[in-house]
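The following report examines a single protein chain for a reader concerned with its local geometry. Please consult the sequence and structure shown here alongside the text.

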Amino acid sequence: MQLTLQTITPVHVGNGENLYDLDYAIHGGYYYRISQKIVLDFLAEIPEGAEQYARWIDRNSDEIDDLKQRLRYEKDRRRKGDFNQQLNRLRSGFNLISFARSINKQNEFLNHLKTSSNVYKIPFNEQLKGQVRGAIKTATGKPYIPGSSLKGAIRTALLYRCLSEKIDTQSVKTVLQSALRHAYENGKDRRSLQRIKKTFADKLEQLAFYCHTQKGGKLKRDDEKFDLLKLLKVSDGQLPGTPDTTMRLADVQLYLVNKEKNRQTGKFDFKATTQGQTSYVEAIKEGTPIS
């Protein structure tokens with residue numbers, strides 16, 4: 001069966017990569033992902049290019065490490081502020097465009113970047129600080145959504161529908177009360193508590209998806225072999241076009257939850273605050289068709 005889905009929000013499925021300044025370049029309204037091949041091909045065109053690049057890396061790395069050390073032991077607040085400014089300036093200049101500028105080859109590098117085959121670029125007009133989390137891609141560099149991720153989303157939607165409309169409330173309540181009681185009884189054992197956290201919702205999934213089987217006169221409800229969704233196979237989701245038409249960089253707003261004791265009531269209040277300097281992610285645009 002062929003289906004076409006459409007993203008409602010930006011969608012990020014990570015590949016585990018954290019990309020730093022040397023891994024990308026921002027120029028002319030685009031974010032360029034700089035591969036090792038792009039760098040090596042550019043250096044090969046310059047006499048002693050590799051040696052110049054190595055010296056530039058060493059010099060900048062040493063300066064950054066030195067400032068970090070001075071910041072660690074500096075107690076004067078004003079001097080700390082000065083060191084922080086210097087550190088930010090060094091970090092913002094620790095990229096391939098700055099290196100090319102330092103050897104008077106900026107135009108040549110930018111031209112090389114634009115004309116390289118299979119260059120991965122995404123429209124981006126903002127100032128980018130810090131790291132970028134890479135999206136999962138095929139061997140040829142094309143983003144996609146793994147079938148396992150799509151199946152997980154389907155499973156979650158079905159479980160929600162099942163719990164809210166199909167399974168009676170008392171059954172759900174019994175499962176949750178049993179899990180909470182088990183957690184309370186084993187609360188002092190750290191390993192047991194971690195295991196309980198991981199398996200907390202297993203019985204709800206068993207209610208929703210597992211066929212119950214008779215074995216030795218006993219009804220078995222937790223045999224993974226009889227999970228109905230094992231019969232569902234989902235292929236990878238393919239994106240149309242190229243990354244510059246289907247992808248964008250999304251600024252992820254992460255929140256930290258702090259627990260504070262209320263002095264008047266004696267109870268704990270939970271407060272959420274936005275985390276500073278959060279990562280950007282390579283994300284599929286909202287409204288993108290996925291086949």
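Is Asn 104 buried or exposed? Asn 104 is exposed, because its relative accessible area is 68%; the classes are buried for under 20% relative accessible area, exposed for over 50%, and partly exposed in between, with a 1.4 Å probe and protein chains only.

The model is a predicted one, in which local features need pLDDT of at least 70 and side-chain atom pairs count only at pLDDT 80 or more, while totals for chains, interfaces and linings use all residues. Residues are numbered from 1 along each chain as its sequence is written, and side-chain values use heavy atoms, with hydrogens and water left out.

## Loop residues with positive phi

Asn 104 sits in the loop between helix H4 (96-102) and helix H5 (106-115). Helices (H or I, at least four residues) and strands (E, at least two) are DSSP runs, numbered from the N terminus. Although Asn 104 is not a glycine, its phi is positive, at about 60°. Glu 48 also has a positive phi of about 60° and is not a glycine. Glu 48 belongs to the loop between H1 and H2, and it counts as exposed because its relative accessibility is 55%.

## Salt bridges

The whole structure contains 11 salt bridges, where a salt bridge is a side-chain nitrogen of Lys or Arg within 4 Å of a carboxyl oxygen of Asp or Glu. Three of the pairs are listed below.

| Pair | Closest N to O |
|---|---|
| Asp 41 and Lys 37 | 2.8 Å |
| Glu 165 and Arg 161 | 2.7 Å |
| Lys 220 and Asp 222 | 3.3 Å |

Lys 220 counts as partly exposed because its relative accessibility is 30%, and Asp 222 is placed in that class because its relative accessible area is 42%. Elsewhere, Arg 155, Glu 205 and Asp 227 are joined into one network by salt bridges that share partners.

Asp 41 and Lys 37 both belong to helix H1 (residues 36-44), where they are 4 residues apart, about one turn of the helix. Asp 41 is partly exposed, as its relative accessibility is 31%, whereas Lys 37, at 56%, counts as exposed.

Glu 165 and Arg 161 lie in helix H6 (residues 147-166), again 4 residues apart and about one turn of the helix. Here Glu 165 is exposed at 53% relative accessibility, and Arg 161 is partly exposed with a relative accessible area of 47%.

## Sheets

Strands of a sheet pair through backbone hydrogen bonds, either parallel or antiparallel. For the assignments that follow, two strands pair if DSSP finds at least two bridges between them.

One open sheet consists of 4 strands in the order S2-S6-S14-S11, with mixed pairing. Strand S2 (14-19) and strand S11 (247-251) stand at its edges; each has a single partner strand, so one side of each is left without a neighbour in the sheet. On average, neighbouring strands of this sheet are turned by 35° against each other, direction ignored. Such angles use axes that are lines fitted to C-alpha atoms, for helices over the stretch in contact, and run from 0 to 180 degrees between N-to-C directions. S11 and strand S14 (residues 280-284) run antiparallel and are joined by 5 bridges. Met 247 stands opposite Ile 284 in S14.

Another open sheet has 3 strands in the order S3-S4-S5, and its pairing is antiparallel. Its edges are strand S3 (24-27) and strand S5 (120-123), each with a single partner strand, so one side of each lacks a neighbour in the sheet. The average turn between neighbouring strands of this sheet is 20°, direction ignored. Strand S4 (residues 30-33) pairs with S5 in the antiparallel sense over 4 bridges, and Tyr 30 stands opposite Pro 123 in S5.

## A buried side chain in helix H2

Which backbone oxygen does the side chain of Asn 60 reach? The partner is the backbone oxygen of Trp 56, at 2.9 Å. Asn 60 lies in helix H2 (residues 49-73) and is buried, because its relative accessible area is 10%.

## Strand S1

Leu 5 is located in strand S1 (residues 5-6). Leu 5 counts as partly exposed because its relative accessibility is 43%.

Methods. Polar contact = N/O pair within 3.5 Å; in protein donor to acceptor, adjacent residues only side chain to side chain.
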